[in-house]
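The report below moves from individual buried positions to the surroundings of the ligand, then to charged pairs and backbone angles. It is meant to be read with the coordinates open.

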Amino acid sequence: MLIKKSRDMGFCFGVRRAVDMMKEAAIDGRKVQTLGQVVHNPQVVAELEEIGISVKQDRAADGATTDTVAITAHGVGESTVNDIKGQGFNVIDTTCQFVARSQRAAKHLADKGFTIIIFGDPEHPEVKGVLGWCKGRGIVVKDESLEGLPEYIPSKIGVISQTTHTPERYADFVSNLMRARIDQITEIRIVNVLCNATTSQQAATRELAEEVDLMIVVGGYNSANTQHLADLSAVNGVDTHHVERADELQVEWFHGHDVVGVTAGASTPDSSIDAVVLRIEAIDKELAALTA
Ligand code: SF4
């Protein structure tokens, strides 16, 4: 069995920076609560817990038990930033620069009187955070079908996407919006806040999907960008399995496959990827022994 690794996978710039900032705080002897998970990966969260970086799941400063709180790479809304400052917490802000750009765009559009349509998962922290910069003028729409978009929308519309969506999906979303609502819109501003890191990983996964007959996608089940990679691979007709840990790999998945691809989301640490590759090599040996 040939194992091919994606040319671009694992920790993106924003996640690596956030994790490094947390580790530096721990080295300085600071106890920190992060407002939500620093990254959507349970192994990384557990590793940080061990060095004194705990998670406050509700993403609110209220009730934090440490002097220092950290804003995660996904960012938070304007009211949460004000709460943190108002309550006198020390803050470590790890908001990724791509997410910060999205927040600035939302605020700018809201200030100019636009209603902002955010193409994203309403439950995702990044989307909730960006919505919190729209000054009450934001509408989140989950997918290209435009389900959930009110029957009548204001005439000045700004459009922003969750940073981890694919360019194709964002283009389809905007195109569907224009077709369905051109009669209601007098002005539209489309802001491209898609993240280079994830689009590059998506392109690499698409290329790899052309070369393999089985794909293993490594990353947290709650990681949106990892899930997108799994979807991309499956859409290309490749037998695809998404795992968080190496011990989830099942031998029967590998029967009859000669070329296995490995890719991983932007929140997946190198250690998880290496463990998966090692486990695939071990499975290969097991299968070879059975047929020998
Ligand atoms: S995936 Fe992109 S937007 Fe998200 S943290 Fe990484 S670099 Fe930033």
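## Packing, ligand shell and ion pairs

Leaving out residues up to four places away in sequence, Ser102 touches Val130, Ile160 and Val193. The structure is a predicted model, and every value given here is computed from that model. Ser102 belongs to helix 4, and because its relative accessibility is 0%, below the 20% limit, the residue counts as buried.

Helix 4 also contains Ala100, which counts as buried as well, at 18% relative accessibility. The C-alpha atom of Ala100 is separated by 7.2 Å from that of Gly75, although the two residues are 25 places apart along the chain.

A further buried position is Leu177, whose relative accessible area is 0% and which is placed in helix 6, residues 167-181. Apart from its neighbours within four places in sequence, Leu177 is in contact with Ile117, Leu146, Leu149, Val159, Ile182 and Ile188. In contrast to these contacts, the C-alpha atoms of Leu177 and Ala275 are separated by 43 Å, with the two positions 98 residues apart in sequence numbering.

Thr68 is placed in strand 4, which covers residues 68-71, and counts as buried at 4% relative accessibility. When residues up to four places away in sequence are not counted, Thr68 touches Arg30, Lys31, Val32, Gln33, Asn90 and Ile92.

### The ligand

Which residues are around the ligand? They are Cys12, Gly14, Cys96, Phe98, Thr163, Cys195, Ala197 and Thr198. By class, this shell divides into five nonpolar and three polar residues, with no charged residue in it. The space that the ligand takes up is the largest cavity.

### Salt bridges

Side chains of opposite charge can pair when their charged atoms come close. How many salt bridges does the structure hold? There are 14 salt bridges in the structure, and three of them are set out in the table.

| Salt bridge | N to O distance |
|---|---|
| Asp58 and Lys56 | 2.6 Å |
| Asp111 and Lys135 | 3.9 Å |
| Lys128 and Glu123 | 3.7 Å |

In the pair formed by Asp58 and Lys56, where N and O are 2.6 Å apart, Lys56 is buried, with a relative accessible area of 10%.

The salt bridge between Asp111 and Lys135 has its closest N and O atoms 3.9 Å apart. Asp111 lies in helix 4, residues 97-111, while Lys135 lies in the loop between helix 5 (125-131) and strand 7 (138-141), so the pair ties together parts that are 24 residues apart in sequence. Asp111 counts as partly exposed at 49% relative accessibility, and Lys135 is likewise partly exposed, with a relative accessible area of 42%.

For the salt bridge between Lys128 and Glu123, the closest N and O atoms are 3.7 Å apart. Lys128 counts as partly exposed, at 44% relative accessibility, whereas Glu123 counts as exposed, at 58%. Salt bridges that share partners also join Glu78, Lys107, Asp111 and Lys135 into one network, and this network therefore includes both residues of the pair that ties helix 4 to the loop between helix 5 and strand 7.

### Positive phi angles

Most residues other than glycine have a negative phi. Where, then, is phi positive in a residue other than glycine? One such residue is Lys135, with phi near 55°, and another is Leu146, with phi near 70°.

Lys135, already described as a salt-bridge partner of Asp111, is found in the loop between helix 5 and strand 7. Leu146 is placed in the loop between strand 7 and strand 8 (156-161). Is each of these loop residues buried or exposed, or in between? Lys135 is partly exposed, at 42% relative accessible area, while Leu146 counts as buried, at 11% relative accessibility. Leu146 is also one of the residues in contact with Leu177, so that this contact joins two buried residues, Leu177 having a relative accessible area of 0% and Leu146 a relative accessibility of 11%.

Key. Residues numbered from 1 in each chain as written. Predicted model: local features only at pLDDT ≥ 70, side-chain atom pairs only at ≥ 80, totals over all residues. Heavy atoms only, no water. Near = heavy atom within 4 Å. 1 Å grid on protein atoms, 1.4 Å probe; cavity = no way out; pocket = protein on both sides within 12 Å on 5 of 7 lines; lining within 4 Å. Sits in = over half its atoms within 2 Å of the grid points. Nonpolar A, V, L, I, M, F, W, Y, C, P; charged D, E, K, R; others polar. Salt bridge = Lys/Arg side-chain N within 4 Å of Asp/Glu carboxyl O. Buried < 20%, exposed > 50% of the residue type's maximum accessible area, 1.4 Å probe, protein only. Helix = DSSP H or I, 4+ residues; strand = E, 2+ residues; numbered from the N terminus. Contact = heavy atoms within 4.5 Å.
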